[in-house]
Protein chains: 2
Amino acid sequence: MSDDTLSASAYAVSPRNRVKRTPDRGHYDRETVHAILDAGMLCHVAWVLDGQPFCTPTLHWREGDTLYWHGSSASRMLRTLRGGLAACVTVSHLDGLVLARCGFNHSANYRSAICFGTARIVEDPEEKARALIAVIDRFYPERAATLRANTVQEVKATTVIAMPIDQASAKIRAKGVADDPEDLGHPVWAGVLPVRTVLGAAEPCPHMAPGIARPATLDAYAEGGTLDAALRATQALYDPA
Amino acid sequence: MSDDTLSASAYAVSPRNRVKRTPDRGHYDRETVHAILDAGMLCHVAWVLDGQPFCTPTLHWREGDTLYWHGSSASRMLRTLRGGLAACVTVSHLDGLVLARCGFNHSANYRSAICFGTARIVEDPEEKARALIAVIDRFYPERAATLRANTVQEVKATTVIAMPIDQASAKIRAKGVADDPEDLGHPVWAGVLPVRTVLGAAEPCPHMAPGIARPATLDAYAEGGTLDAALRATQALYDPA
């Protein structure tokens with residue numbers, strides 16, 4: 001399957017990933033799911049140990065239809081993964097607060113992508129080396145080659161996790177107040193309070209030698225821009241498929 | 001235990017909630033955990049059905065040591081809850097991207113709170129009525145009384161979930177670049193790119209009658225302010241303990 005076909009196609013739908021509540025907000029095509037994943041850096045991973053669910057926040061990145069995240073070899077989650085672990089990875093964006101004329105129609109604008117798969121530790125040295133470049137360059141274009149090289153100890157101390165996405169769904173609400181027609185005259189303020197995640201002014205490390213400028217490759221993260229746009233732009237450079 | 005004692009005390013620590021990776025970032029006191037929960041509206045709930053983990057994003061609120069969230073009675077998660085369901089609820093804030101001089105020291109500034117407990121459906125009509133007021137007034141002070149009243153059908157169609165927090169932990173990174181001393185001379189830009197979630201200009205519903213002003217009770221959500229500050233301020237009004 002070519003990359004174009006991959007991104008145009010949809011995930012198979014079953015009871016596991018079908019959007020049951022407000023199904024009109026559900027999407028299953030890769031393009032929509034990937035756009036939500038790529039617009040965020042923070043994901044939450046649900047996994048189970050001895051029947052107990054855990055919800056672990058971490059940073060993720062995507063290559064084609066595989067999600068990656070990483071952590072210390074010491075982490076509890078990762079120790080359980082040697083044989084592959086059923087996981088559910090969710091990326092959510094809160095885009096607005098929706099204040100309606102009755103409690104029931106209060107809502108939020110949001111985008112979320114829920115991905116199911118089996119997570120595995122990346123053991124192959126070449127795949128791991130590529131992933132340790134990707135975790136930098138996917139976010140900060142061309143940066144990995146400018147860094148002090150990883151030591152053997154650092155590589156050993158880092159565990160990279162990969163999860164091919166077996167199934168996924170996206171859910172999106174992106175509209176104004178949806179009150180019942182008979183409530184429109186109710187005399188209360190109603191509307192949307194938009195929410196966005198933005199970048200502040202860069203805080204250079206005080207230990208930098210004089211004369212080191214912020215490289216143009218970080219321009220996507222300029223002050224006042226949204227993190228969403230910065231992450232989509234850098235993903236498009238990294239994984240143009 | 002008085003409310004003061006409650007908020008000053010710490011959650012019991014066991015292998016389930018102990019922060020193993022970078023334990024210096026771990027906190028177990030209620031004040032720290034609650035502040036992270038209260039600063040967010042979006043949480044992720046991990047739960048298990050037939051061995052399959054699910055990571056469901058939803059909106060939450062807190063009263064004392066109980067987390068609440070709600071949803072439609074039709075939702076898959078809620079149908080499994082009649083007998084109480086083991087759940088893990090996580091609230092995370094991404095506060096900054098940390099660009100170091102080697103890959104290993106790249107990081108993020110963040111605050112996360114992970115809460116463990118058994119979730120139950122709120123069945124008692126009085127508790128449910130209070131919760132349907134809380135889901136409005138906790139976020140939008142004094143708003144519930146100004147709305148068109150809930151209908152019997154709306155109350156029936158809404159399921160409220162409560163989870164007393166049995167155990168919890170918080171994890172916080174809030175500092176600059178932490179490079180090894182011998183790397184400080186490496187000639188690459190290093191620093192923190194701060195991230196914050198802010199409110200945009202309110203978008204009034206176009207169907208409002210003329211002359212309905214935005215009430216001062218929504219001033220916490222003024223354009224340009226952070227959602228974090230708005231949610232903490234409204235929580236302090238709602239649940240001052």
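Q: What makes a DSSP run a helix or a strand?
A: A DSSP run of H or I with at least four residues is a helix, a run of E with at least two residues is a strand, and both are numbered from the N terminus. The structure discussed in these terms is a predicted model. By this convention A:D50 is placed in the loop between β2 (42–49) and β3 (52–63) of chain A.

Q: Why does A:D50 count as buried, partly exposed or exposed?
A: The relative accessibility of A:D50 is 80%, and because exposed means over 50%, A:D50 counts as exposed. The backbone of A:D50 also has a positive phi of about 55 degrees, although the residue is not a glycine.

Q: Why does A:T22 count as partly exposed?
A: A:T22 has a relative accessibility of 26%, and since partly exposed covers what lies between under 20% and over 50%, A:T22 falls into that class. A:T22 is found in the loop between α1 (3–8) and β1 (26–27) of chain A, and its phi, near 45 degrees, is a positive value in a residue other than glycine.

Q: How do you know which relation, by turn and shift, holds between chain A and chain B?
A: Chain A can be laid on chain B by a turn of 180 degrees with a shift of 0.0 Å along the axis, leaving an RMSD of 0.0 Å. The two copies are therefore related as by a two-fold rotation axis. In chain A, the C-alpha nearest this axis belongs to A:T197, at 2.1 Å. The same surface serves both copies, in that 99% of the contact residues of chain A recur in chain B.

Q: Why is the pair of B:Y140 and B:Y221 called tilted?
A: The ring centres of B:Y140 and B:Y221 are 5.6 Å apart, and the planes stand at 50 degrees; as pairing asks for centres within 6.5 Å, and as planes neither under 30 nor over 60 degrees apart count as tilted, the pair is tilted. In chain A, A:Y140 and A:Y221 likewise form a tilted pair, with 5.7 Å centre to centre and 50 degrees between the planes.

Q: What makes A:Y140 and A:Y221 a pair that ties parts together?
A: A:Y140 lies in the loop between α4 (125–137) and α5 (152–157) of chain A, whereas A:Y221 lies in the loop between β10 (203–204) and α6 (227–238), so the pair ties together parts that are 81 residues apart in sequence. Because buried means under 20% relative accessible area, A:Y140 at 3% counts as buried, and so does A:Y221 at 0%.

Technical notes: Residues are numbered from 1 along each chain as its sequence is written. Chains are lettered from A and ligands numbered from 1 in the order in which they are written. This is a predicted model: local features need pLDDT of at least 70, side-chain atom pairs count only at pLDDT 80 or more; totals for chains, interfaces and linings use all residues. Side-chain values use heavy atoms; hydrogens and water are left out. Copies are superposed by least squares on the C-alpha atoms of residues with pLDDT of at least 70 in both. Contact means heavy atoms within 4.5 Å. Rings of Phe, Tyr and Trp (its six-membered ring) pair if their centres lie within 6.5 Å; planes under 30 degrees apart count as stacked, over 60 as edge-to-face and the rest as tilted. Buried means under 20% relative accessible area, exposed over 50%, partly exposed in between (1.4 Å probe, protein chains only).
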